[in-house]
Amino acid sequence: MPCRTFSRTVRSLCVAALAAGLVLASSPADATGAGPAVHYAARGRLAAEWQASQLKHGHIPGFSPGSPDWGLTIDTAYMLAADGSRPAVLAKVKKAISRHILDYAVFGGSTSSGAMSKVLIASEVLRADPTRFGGINVRKRLLKLVAPRSAGFEHGRLRDSGSRDFSNVFGQSYGTIGLARSGGVPQSVVDYLVKQRCSRGYFRLLEAVGKTCNQSGSRPDVDATALALEALLAAKAHGATVSRRLISGTATWLLSVQNADGSFAEDARATGVDSNTTGLAGVALAATGHGAARLKAAHWVSTMQIKRARAGNGPARRDVGAIAFDHPALADAIANGLGDNRPQWWRSTPQAFFALVPIPLGTLTAP
């Protein structure tokens, strides 16, 4: 089946898969004749359709009534931008985000560096001006949170502005991507991110004051490692100095902790696997050229999705396309429906999606 018969997103993945030689004889048995990349992109389309159906006035609801979850809404925007099939819905989400940037990123007078970093990426993904997104110069606000040279070891760290600092490697990675895309990332920001990497190749999630990853003996975090890998690729693509060996070593470590079925656990063990971690790892593997491993991750994520045949006429039939966090969540949904667990599915689906449609945040752009 020719690539031109598919939609924009699926077609681009089809072409990329053929060019990279990803249509393998050893592909999962449920892949279509058009190639596994196209098959998984179609699965991604179902997931995006479901996530879009969960939006309320352009946002995903939060845990408290009347309090939208803007971080999750941004994750949903990334997902819809990658899918590309619902521009009108995405435009509504963009408008909602632009009107509530400070509601999300500032609390009690303290600015969250991680939240502002996600907003900065969103401005780039959604084709907005990062210097006046929602009337706010998001790039300038984030640059103000970069620790100066006088901070010593912490020079380059993206820090929260309040008395309590909750910043971590996730925020540092998001900030690296957002700054790289919006005009260039200071080398100090990249260098501080690299300090969070242990010599074995993985990144920690939580930072230890004044200590590198090796010095603190920090344990691996697959989510943090995958996102940091995306950040290093984005920084390098936009002119920052990043060692190729460092990137390849991190990707090699990520490959080493992938389970035989394609799944990943956040703590790099064989148990406790989940779709969020596997989605993050999958897109990082794709971005570093590990196509076969990405397809294994996509295959496992696809087994976590509510499918029409599996739902039948049961209570999950209205939620076809949603992706479960793990096997127990899927089994419970098939038997009993999503029920009160629906918020968990709102969170698992957007990140798991990117194993199916592996477009890194460093290059993701809405149609």
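Good morning. I begin with helix H14, whose buried residues pack against helix H2 (36-53), helix H12 (244-256), helix H13 (275-287), helix H16 (327-336) and helix H17 (342-356). Please keep in mind that this is a predicted model.

Which residues of H14 are buried? They are Gly291, Ala293, Arg294, Leu295, Ala297, Ala298, Trp300, Val301 and Ser302. We may also check the length of this helix. H14 covers residues 291-303, and its 13 residues, at 1.5 Å a residue, should span 18 Å. The C-alpha atoms at its ends are 19 Å apart, which agrees.

The same check can be made on helix H4, residues 87-99. With 13 residues at 1.5 Å each, H4 should span 18 Å, and its end C-alpha atoms are indeed 18 Å apart. Its buried residues are Leu90, Val93, Ala96, Ile97 and Ser98. The cover over these buried residues includes helix H3 (70-83) and helix H5 (101-105). A general point helps in reading such lists: an α-helix has 3.6 residues a turn, so residues three or four places apart point the same way.

I turn now to a pair of helices. How do H6 and H8 cross? The axes of helix H6 (residues 113-125) and helix H8 (residues 169-181) come within 8 Å and cross at roughly 35°. This crossing is left-handed. On the H6 side, the contact is made by Gly114, Ser117, Lys118, Leu120, Ile121, Glu124 and Val125. On the H8 side, the residues are Gly171, Tyr174, Gly175, Ile177, Gly178, Leu179 and Arg181. Taken together, the residues of this contact comprise 6 nonpolar, 5 polar and 3 charged.

Let us stay with H8 for one further residue, serine 173, which has its place in this helix. Is serine 173 buried or exposed? Its relative accessibility is 0%, so serine 173 counts as buried, the cut-off being under 20%. Leaving aside residues up to four places away in sequence, serine 173 touches Leu193, Leu227, Ala228 and Ala231.

My last topic is charge. Side chains of opposite charge can pair when their charged atoms come close. How many salt bridges does a search of the whole structure find? The search finds 10. I shall describe three examples.

In one example, arginine 132 forms a salt bridge with aspartate 129, and the closest N and O atoms are 3.2 Å apart. Arginine 132 counts as exposed because its relative accessibility is 62%, whereas aspartate 129, at 30%, counts as partly exposed.

Another example joins arginine 269 and aspartate 267, whose side chains meet at 3.3 Å, N to O. Here arginine 269 is partly exposed at 46% relative accessibility, and aspartate 267 is partly exposed with a relative accessible area of 38%. Elsewhere, salt bridges that share partners join Glu154, Arg157, Arg159, Asp165 and Glu207 into one network.

The remaining example lies between arginine 157 and aspartate 165, where the closest N and O atoms are 3.8 Å apart. Is arginine 157 buried or exposed? At 7% relative accessibility, arginine 157 counts as buried. Its partner, aspartate 165, is partly exposed at 33%.

To close, I return to the helix with which I began: the buried residues of H14 include Arg294 and Trp300, and among the helices they pack against are H2 and H17. Thank you for your attention.

Notes: Residues are numbered from 1 along each chain as its sequence is written. This is a predicted model: local features need pLDDT of at least 70, side-chain atom pairs count only at pLDDT 80 or more; totals for chains, interfaces and linings use all residues. Side-chain values use heavy atoms; hydrogens and water are left out. Helices (H or I, at least four residues) and strands (E, at least two) are DSSP runs, numbered from the N terminus. The expected span of a helix is 1.5 Å times one less than its number of residues. Buried means under 20% relative accessible area, exposed over 50%, partly exposed in between (1.4 Å probe, protein chains only). Contact means heavy atoms within 4.5 Å. A salt bridge is a side-chain nitrogen of Lys or Arg within 4 Å of a carboxyl oxygen of Asp or Glu. Axes are lines fitted to C-alpha atoms, for helices over the stretch in contact, and angles run from 0 to 180 degrees between N-to-C directions. A crossing is left-handed if the near helix is turned anticlockwise from the far one by less than a right angle, and right-handed if clockwise. Ala, Val, Leu, Ile, Met, Phe, Trp, Tyr, Cys and Pro count as nonpolar, Asp, Glu, Lys and Arg as charged, and the others, Gly among them, as polar.
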